[in-house]
Amino acid sequence: MPDGSLSLPARLYLLSWDTAKLKVTGATHLHHLVRAGALTELAQRGLLSDVEGIATPVDPDAHTGDLVLDGLLELIEESRPRKWKAWVTLRARVTLDAVRAQLAAEGYLRAEKKRVLGLFPSVEYELDRVSAVDALREDARRVLAGPEPVADVSERAAAVVALAAAAELRTLMSGKDRKLHKDRIERLTERSGAAAPALKKVIQEVRTAMIVVVTTGAATGAAPSG
């Protein structure tokens, strides 16, 4: 999987890695962020549409060729109708697990099998391609801060920054950065759904759901995301 072809959920997961400490940050809401990325990409590809607020598959036979995205598409097809915000959280760890397994197969991560309490099998992941993640982060920071005009930013790149900001992903931007670039982040959110007016609504719904998850978690004393 060349870096340029990384899916949106895969990019967001890799950006959560602190390459100096070689550890993931924002673990509390990482599965929600990765799921939000997958929903956004499926909407950008025209495979999920908005029908009266419901995330709806456009074609039951459609496939992306990406196991993570196709897995989520199949889950939505086989489940009862739900709004976008519900899909940001519902069984979100399934998507996170699929992303990690995919990135391990592609050499970005190294999977190490362990046993919890000496009994229960578990898999832990270590980051192998540090330089690739650093490059992804530099690209995302350029999108965040400019000087490239928002109109020239790809929809996927715009969505990376918009969702990372909603999740308060500190490996990409600090709270100060979010305030400094607030207007540009809003324009990048708009750019994420530039292909169609209906898509803009979807992107905003997913981003808002991500903000609610993070805000609610902070209010109830959960660890901050990032």
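Q: What does Gly46 do with its phi just after H2?
A: In this predicted model, Gly46 goes positive, with a phi of about 80°.

Q: And H2 itself, what span should its 18 residues have, and what do the end C-alpha atoms give?
A: Helix H2 covers residues 27-44, and at 1.5 Å a residue it should span 26 Å. Its end C-alpha atoms are 26 Å apart, so the two values agree.

Q: How many of the H2 residues are buried?
A: 16 of 18, so to speak a mostly covered helix.

Q: OK, positive phi again. Which residue in the loop between S3 and S4 should I look at?
A: Glu52, which sits between strand S3 (48-51) and strand S4 (54-57). Glu52 isn't a glycine, yet its phi is positive, about 55°.

Q: Why flag that at all?
A: Because most residues other than glycine have a negative phi.

Q: Is Glu52 buried or exposed?
A: Exposed, because its relative accessibility is 78% and the cut-off for exposed is over 50%.

Q: What comes after H7?
A: H7 is followed by Glu168, another residue with a positive phi, near 55°. Glu168 is in the loop between H7 and helix H8 (175-180).

Q: How accessible is Glu168?
A: Its relative accessibility is 25%, so Glu168 counts as partly exposed.

Q: Back up one helix. How long is H7, end to end?
A: H7 runs over residues 155-166, 12 residues in total, and reaches 16 Å from its first C-alpha to its last. That is close to the 16 Å expected at 1.5 Å a residue.

Q: How much of H7 is covered?
A: Most of it, with 10 of its 12 residues buried. Among them are Glu155, Val160, Val161 and Leu163, plus several alanines including Ala158 and Ala159.

Q: Going further back, what's odd about the peptide bond from Gly146 to Pro147?
A: That bond is cis, with omega near 10°. Most peptide bonds are trans. Pro147 lies in the loop between helix H6 (130-145) and H7.

Q: Switching to pockets. What volume does the largest pocket have?
A: About 200 Å³.

Q: Which helices supply its lining?
A: H7, H8, H9 and helix H10 (197-219), with at least two residues from each. The lining includes Ala165 and Ala166, both of which are also buried residues of H7. Glu168, the one with the positive phi near 55°, lines the pocket too.

Q: What's the mix of residue classes in that lining?
A: Four nonpolar, one polar and six charged. The lining residues include Arg178, Lys179, Lys182, Glu186 and Arg207, as well as Ile185 and Ile211.

Q: You mentioned Ile185. Which residues of H9 are buried?
A: In helix H9 (residues 182-192), the buried ones are Arg184, Ile185, Leu188, Thr189 and Ser192. They cover an arc of only 145° around the axis, so they sit on the same side of H9.

Q: Last topic, the whole chain. How many helices and strands?
A: There are 10 helices and six strands. The radius of gyration is 17 Å, close to the 17 Å that the globule rule gives for 226 residues, so the chain is as compact as a globular protein of that length.

Q: What box do the C-alpha atoms fill?
A: Roughly 50 × 40 × 40 Å, taken along the principal axes.

Q: And what share of the residues counts as buried?
A: Of the 226 residues, 46%.

Terms used:
Residues are numbered from 1 along each chain as its sequence is written. This is a predicted model: local features need pLDDT of at least 70, side-chain atom pairs count only at pLDDT 80 or more; totals for chains, interfaces and linings use all residues. Side-chain values use heavy atoms; hydrogens and water are left out. Helices (H or I, at least four residues) and strands (E, at least two) are DSSP runs, numbered from the N terminus. The expected span of a helix is 1.5 Å times one less than its number of residues. Buried means under 20% relative accessible area, exposed over 50%, partly exposed in between (1.4 Å probe, protein chains only). The arc is that of the directions from the helix axis to the C-beta atoms. On a 1 Å grid over the protein atoms alone, a cavity is a set of points where a 1.4 Å probe fits but cannot get out, and a pocket is an open set with protein on both sides within 12 Å along at least five of seven lines; lining residues have an atom within 4 Å of a point. Grid points are joined across faces, edges and corners, and a volume is the space filled by probe spheres set on the points. Ala, Val, Leu, Ile, Met, Phe, Trp, Tyr, Cys and Pro count as nonpolar, Asp, Glu, Lys and Arg as charged, and the others, Gly among them, as polar. The radius of gyration is taken over C-alpha atoms; the globule rule is 2.2 Å times the number of residues to the power 0.38.
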